[in-house]
Amino acid sequence: MTSRLLGAAAALGLAGAAGGILVAGLAMPLVSGAGLAARNATSMFTELPPPPREDGLPEMTRILDRNGEQIAQFYYQNRRSVPLARVAPVMRQAIVAIEDSRFYEHGGLDVKGTLRALIANTRAGGIRQGGSSITQQLVKNIMVTRAETARERALARVRSIQRKIDELRYALALEKKYTKDEILERYLNIAYFGAGAFGVQAAARRFFGVDAADLTLPQAATLAGAVRTPYSTDPSIGAAQRARLLARRDLVLGRMAELRMIGQDTARTARAAPLGLRMRAEPGGCQASTYPFFCVYVQQEVLTDPAFGRTRAERERRLQRGGLTLWTTVDPVAQRAAERAIAARVDAGDSQVAAETMIEPGTGFIRAMTVSKRYGRNRHNRSIGPRTTYNLAADQAHGGGLGLQAGSTFKAFTLATALSQGMRFGDGFQIPGAFVPGSGYRNCSGKAVNDPTTTIYNAGGEGRGGPYSLEMGTWNSVNIFFMTLEREVGLCNVVETARALGIRRADGEPLHEVPTFTLGVNEMDPTTVAAAFAAFAARGRYCRPMAITAVVAKDGARTERSPDCVTALEPEVADAVNHVLEGVFARGTMRGQSIGRPQAGKTGTNNGYTSAWFAGYTPTLAGAVSIGDIRGAYRHPLTGVTIGGRYYGAVQGASLPGPIWVDSMRRALRDTPVYGFVPPDTARFGGGFTPGLRKFIAREQRRREREAERRAGRHDERRAATGAKETSAAPADAGAPSTGPGRAAVSRPGRRDRGAA
């Protein structure tokens with residue numbers, strides 16, 4: 001037994017010399033030292049260690065849309081393991097023929113095959129046949145794959161006597177543990193074939209665009225030939241490498257014919273065929289994703305969710321190596337609708353950036369998420385350009401930025417608070433022409449946060465002082481009305497309503513609980529705002545934004561994920577809010593714009609036009625659109641700007657975000673049933689009264705009519721004086737409501753926490 005093992009080891013050492021390993025290196029430790037060395041050699045190959053630890057191969061993680069179509073992939077190594085039954089038989093034959101023709105005959109250490117390879121390689125002056133068995137190569141690959149660092153990988157590859165002995169012992173142990181087919185399956189899935197492809201399935205897709213099960217004879221021979229020298233035969237590098245790959249393919253075909261796996265005629269026909277490469281790129285990460293900004297959101301969900309690992313490092317490892325399949329919520333129809341609506345009005349090269357998120361009420365499923373810029377880095381890594389790596393549709397925790405002040409969209413939370421406290425439709429009060437929040441405001445810690453140094457004005461078009469009902473104040477987005485209403489219902493109560501509806505600052509900081517909270521001084525992101533408004537559509541049921549619905553492990557185990565929802569508002573209160581916000585389209589700031597089905601929403605335009613918003617919803621889909629300047633909203637307001645080739649004197653919630661929302665929602669819902677909102681409980685919410693409102697409305701109507709007559713008269717005079725012909729061209733802000741955007745005017749616009757509407 002001892003002499004046979006010594007002979008085998010010595011023979012392997014000689015074969016290794018032909019492959020670049022010193023002859024004496026492996027033989028000398030076994031023959032020196034007389035009987036002691038002999039006894040050690042005997043135990044070395046009879047007392048085998050356990051098989052090498054197999055941690056599981058790094059596998060590609062795939063991200064799918066709601067229909068099961070792949071939209072992104074992540075990997076440390078481009079690999080998708082397949083069972084041996086899903087590898088073409090001709091591929092199995094080709095790899096055995098060129099790498100280890102006696103694979104099914106030896107026990108892990110093939111002395112005859114090694115000596116034959118030594119002779120063949122010596123005559124050829126290079127490596128034509130493998131000197132190691134497939135089992136030995138599997139051991140080496142396991143060691144390299146297990147390595148975490150470059151140093152560990154280098155040690156796993158180092159050509160040392162001890163490593164070769166260890167490799168032999170592990171190979172013998174593997175032969176005891178697995179069947180031959182199990183070893184071959186593991187080898188085909190772990191081997192590197194070049195061009196970034198690990199495993200036969202990835203290689204088949206990368207080189208030929210087919211699955212491993214569908215490989216033809218020439219294709220199989222090509223891949224088998226690539227395994228021995230995957231870098232020098234990498235066809236993605238250049239013509240010289242492709243020529244070497246062709247030579248290796250023909251060598252494999254000749255060897256298969258020599259072993260009578262195929263006939264000589266078949267081999268000649270296959271050799272005459274071109275390589276037939278159809279190199280298919282397999283880029284990973286979000287930059288290559290169909291929906292990159294949604295991909296970033298999913299990526300951050302994985303990296304921050306303890307369900308994917310205890311530490312961020314573990315979670316990142318699982319994303320890159322775990323072979324997961326992540327089913328997500330994104331809907332291609334809604335996504336394309338949002339992308340087209342934004343692209344039609346905002347160019348990627350504009351310094352102003354539009355972002356939109358669509359969310360399904362009652363589930364929190366994110367159906368669309370897009371940004372007007374393309375995902376990636378600009379040339380020379382500049383911060384300004386047509387690309388961005390910030391997911392501006394989401395908060396910082398999901399790859400976004402600091403957010404934009406949400407403006408008058410926050411008035412919806414004050415409205416909901418008032419209705420929950422018993423206010424009725426038609427209820428209202430008299431407001432002054434200017435308002436100082438000097439008393440009556442306390443935050444949720446009970447601290448007075450009054451600001452007697454700030455004066456709030458109504459923006460142009462909102463109206464002057466006078467009586468306003470709940471509906472009129474909302475439809476016209478009257479700042480002073482909502483500042484007064486917030487004081488009446490309690491600042492903290494409004495804050496708590498917003499929190500219950502998922503409102504959190506984009507930067508993760510605590511909400512600013514100040515008197516102008518109702519005017520939207522907090523910086524937000526479209527995803528958070530869309531989810532809050534989706535709760536109104538879902539009759540008060542708030543659901544945390546959700547991107548991943550199921551996780552499938554590489555062993556096929558599937559884990560479903562359920563929506564994370566709570567009751568944030570009474571259903572009847574939400575119905576009442578919906579009733580009022582429907583009027584924003586019929587009689588308010590969005591008058592004249594419609595998606596042709598029941599809709600509700602709220603515009604938002606900030607003080608100084610630093611940003612503009614629209615948040616709206618139907619019973620089945622909600623969406624929020626924001627726009628601001630990527631160079632800095634305060635230094636670069638949305639006034640006197642050209643966006644998407646169109647000039648805007650000032651961007652308002654109804655003039656740009658509103659139309660984007662209308663177009664995207666119309667397309668997203670085009671082929672879906674039409675549903676209406678649940679009517680409000682008039683017994684509970686009807687019958688309100690605002691003293692002096694009727695006379696005020698009549699007086700305002702007469703004033704508007706007189707103003708219209710004066711404008712018409714001046715227009716006629718100009719026509720008569722110039723003889724100009726009347727044209728049909730609409731002004732640049734056509735479609736913007738005459739009632740105004742709900743923008744606040746304040747005496748101290750430089751203060752960030754004051755005067756945003």
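These legends describe close-up views of a predicted model.

**View 1. D575 in its helix.** D575 sits in helix α22, which spans residues 571-587. With a relative accessibility of 3%, D575 is classed as buried, because buried means under 20% relative accessible area.

**View 2. The surroundings of D575.** A polar contact of 2.7 Å joins the side chain of D575 to the side chain of R539. When neighbours within four places in sequence are left aside, the residues in contact with D575 are R539, V678, P679 and P680. R539 therefore appears both as the partner in the polar contact and among these contacts.

**View 3. The second largest cavity.** The whole structure holds two cavities of 30 Å³ or more. The second largest cavity encloses about 30 Å³ of space. Its lining consists of I359, E360, P361, G362, G364, A531, A534, A535, R541 and C543.

**View 4. Elements and residue classes in the lining of the second largest cavity.** Helix α21 (526-537) and strand β16 (541-543) each contribute at least two residues to the lining of the second largest cavity. The largest contribution is that of α21, with three residues. By class, the lining of the second largest cavity comprises six nonpolar, two polar and two charged residues. Glu and Arg count as charged, so E360 and R541 are the two charged residues in this lining. Gly counts as polar, so G362 and G364 are the two polar ones.

Conventions. Residues numbered from 1 in each chain as written. Predicted model: local features only at pLDDT ≥ 70, side-chain atom pairs only at ≥ 80, totals over all residues. Heavy atoms only, no water. Helix = DSSP H or I, 4+ residues; strand = E, 2+ residues; numbered from the N terminus. Buried < 20%, exposed > 50% of the residue type's maximum accessible area, 1.4 Å probe, protein only. Polar contact = N/O pair within 3.5 Å; in protein donor to acceptor, adjacent residues only side chain to side chain. Contact = heavy atoms within 4.5 Å. 1 Å grid on protein atoms, 1.4 Å probe; cavity = no way out; pocket = protein on both sides within 12 Å on 5 of 7 lines; lining within 4 Å. Points joined across faces, edges and corners; volume = space filled by probe spheres on them.
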